[in-house]
Amino acid sequence: MQKQALIFDIKRDCSEDGPGIRTTVFFKGCPLSCVWCQNPEGKEKHAELSYNAAACHPEQCGKTCLDVCPENCLSLLDDKVQIDRDVCTSCSKCSEVCPTGALEASGYWIGLDDLLYRVLIDKPFYSSSGGGVTLSGGEVTQQMEFAHHFLKALKQEGIHTAIETSGFFNYRRFSEKLLPWLDLIYFDLKLIDDAESRKYTGQSNRLILENFSKLVADGRVAVIPRVPLIPGITTSEENLQGIADFLAINGVDAATLLPYNPLWSDKAVKLGKMPKYQRNGFMTEQEKEACVKAFQLSHLGKHIVTHKSWISALRSAPQMLRQNLALSAIQSIRF
Ligand code: SF4
Ligand code: SF4
């Protein structure tokens, strides 16, 4: 068994990753390379070094980071630290001594017992709110063996479980290892055209669409499709109508559209990555409404409910989420 998991965050008290109060664990490693990736720290399958230049004050700190690096890959230029990332081994020695938090390790290994201890602290809150634990990323199915043992242990504790996935996984392994221990699956559908998918995510969408259809047909676990709205890429009428048609063919009558969040690009810069997609602001109300209209103009999917997470008026939506799937988990989701 994979004894440890590589994760980059554990967020307690989450309210948007499933029903009730939840803890979300973010696993590192993703087979896709979406140009707009909202969690760039989840992409690599190894720990990384994050540097926040605004928090760096070499005139006050004693420049301890420069002294401890065993690879000599740190230097100062104009009072800011330069990192030779080709040489850096992500050993974390510099971040451990940085007094301001300018240098931080992004990603660390954690054992099963330790992770269980960290998430079970909040078990009383899960019980009282109908919440639980969500596995996110990155792509959690890249660490399937560990996730299997983690989910199984959570179910043995009576905890509600959910995952957020790109859908890019081996279905046979997923259905053996994860499906029996899941209550809810958030499944991303990004681009319906295969050439566009290859261009913007680095992978064909064929496996993703096949896996979605198989999970819905299986029907044991509730699947909530989510469409990230990326202006200029996923927001075209053609794409949104195509996804709505695909959902209709699969007998799914509800989806969530996720408005673009521009805050990811700062995280990418701190990791030394140049953002490949530029859009500084949040989406306007008009842009969001246009996406909803495009989605609902689908020939096949006219009856599909679009959960507009930015409009709280859709309080009745959970009643309409019933897809001949497992129902209990999703009825308490707040939109
Ligand atoms: S990264 Fe941290 S330890 Fe290094 S110079 Fe900046 S504040 Fe000082
Ligand atoms: S993580 Fe380790 S190798 Fe990389 S810069 Fe810091 S001390 Fe040097």
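Here is a walk through this structure, from its overall build down to a few single residues. Keep in mind that the model is predicted.

Let's start with the whole protein. It has 13 helices and 13 strands. Measured out along the principal axes, the C-alpha atoms fill a box of roughly 65 × 45 × 35 Å. A compact globule of 335 residues would have a radius of gyration near 20 Å, and the protein has 21 Å, so the two agree. Of those 335 residues, 40% count as buried. The chain also ties together parts that sit well apart in sequence: take the contacts between residues at least 6 apart, and 73% of them join residues at least 24 apart.

Next, the domains. The protein is divided into domain 1, made of 4–45 + 109–332, and domain 2, which covers 48–106. Their C-alpha centres lie 34 Å apart. Where the two touch, domain 1 puts in six residues and domain 2 puts in seven. On the domain 1 side of that contact, the residues divide into two nonpolar, one polar and three charged.

Now for the ligands. What surrounds ligand 1? Its shell is made up of Cys-56, His-57, Pro-58, Cys-61, Lys-63, Thr-64, Cys-65, Val-81, Cys-98, Thr-100, Ala-102 and Leu-103. Two elements give two or more residues each to this shell: helix H1 (58–61) and helix H2 (64–68). Sorted by character, the shell around ligand 1 has eight nonpolar residues, three polar and one charged. Ligand 2 has 14 residues around it, and the closest are Cys-69, Cys-88, Cys-91, Lys-93 and Cys-94. The shell of ligand 2 divides into nine nonpolar, three polar and two charged.

A few spots in the backbone are worth a stop. As a rule, most residues other than glycine have a negative phi, and most peptide bonds are trans. Asp-79 goes the other way, with a positive phi near 65 degrees. You'll find Asp-79 in the loop between strand E4 (74–77) and strand E5 (80–83). Asp-79 is exposed, because it has just 10 other C-beta atoms within 10 Å, and the cut-off for exposed is 12 or fewer. Ser-92 is another residue other than glycine with a positive phi, here near 75 degrees. Ser-92 sits in the loop between E5 and helix H3 (93–97). With 16 other C-beta atoms within 10 Å, Ser-92 counts as partly exposed. Then there is the peptide bond from Gly-137 to Gly-138, which is cis, with omega near 10 degrees. Gly-138 belongs to the loop that runs between strand E8 (132–137) and helix H6 (144–156).

Helix H8 (residues 194–201) shows how a helix can have two sides. Which of its residues are buried? They include Ser-197, Tyr-200 and Thr-201. These three cover an arc of only 85 degrees around the axis, so they lie on the same side of H8. The general pattern behind this is that an α-helix has 3.6 residues a turn, so residues three or four places apart point the same way. On the other side of H8, Ala-195 and Lys-199 are exposed. Right after H8 comes Gly-202, with a positive phi near 80 degrees.

Two more residues round off the tour. Ala-248 lies in helix H10 (residues 237–249). Is Ala-248 buried, exposed or partly exposed? It counts as partly exposed, because it has 17 C-beta neighbours inside 10 Å. Leaving aside neighbours within four places in sequence, Ala-248 is in contact with Ser-298, Leu-300, Gly-301 and Ile-304. Take Leu-300: it is 52 residues away from Ala-248 in sequence, yet 5.9 Å away in space, C-alpha to C-alpha.

Asn-280 lies in the loop between helix H11 (264–270) and helix H12 (285–296). With 6 C-beta neighbours inside 10 Å, Asn-280 counts as exposed. Asn-280 and Glu-145 are 135 residues apart in sequence, and 38 Å separates them in space, C-alpha to C-alpha.

Methods. Residues are numbered from 1 along each chain as its sequence is written. Chains are lettered from A and ligands numbered from 1 in the order in which they are written. This is a predicted model: local features need pLDDT of at least 70, side-chain atom pairs count only at pLDDT 80 or more; totals for chains, interfaces and linings use all residues. A residue is near a molecule or strand if its C-beta atom, placed from the backbone, lies within 6 Å of it. Helices (H or I, at least four residues) and strands (E, at least two) are DSSP runs, numbered from the N terminus. Ala, Val, Leu, Ile, Met, Phe, Trp, Tyr, Cys and Pro count as nonpolar, Asp, Glu, Lys and Arg as charged, and the others, Gly among them, as polar. Domain bounds come from an automatic or database domain assignment. A residue is buried if 20 or more other C-beta atoms lie within 10 Å of its own, exposed if 12 or fewer, and partly exposed in between; C-beta atoms are placed from the backbone. The arc is that of the directions from the helix axis to the C-beta atoms. The radius of gyration is taken over C-alpha atoms; the globule rule is 2.2 Å times the number of residues to the power 0.38.
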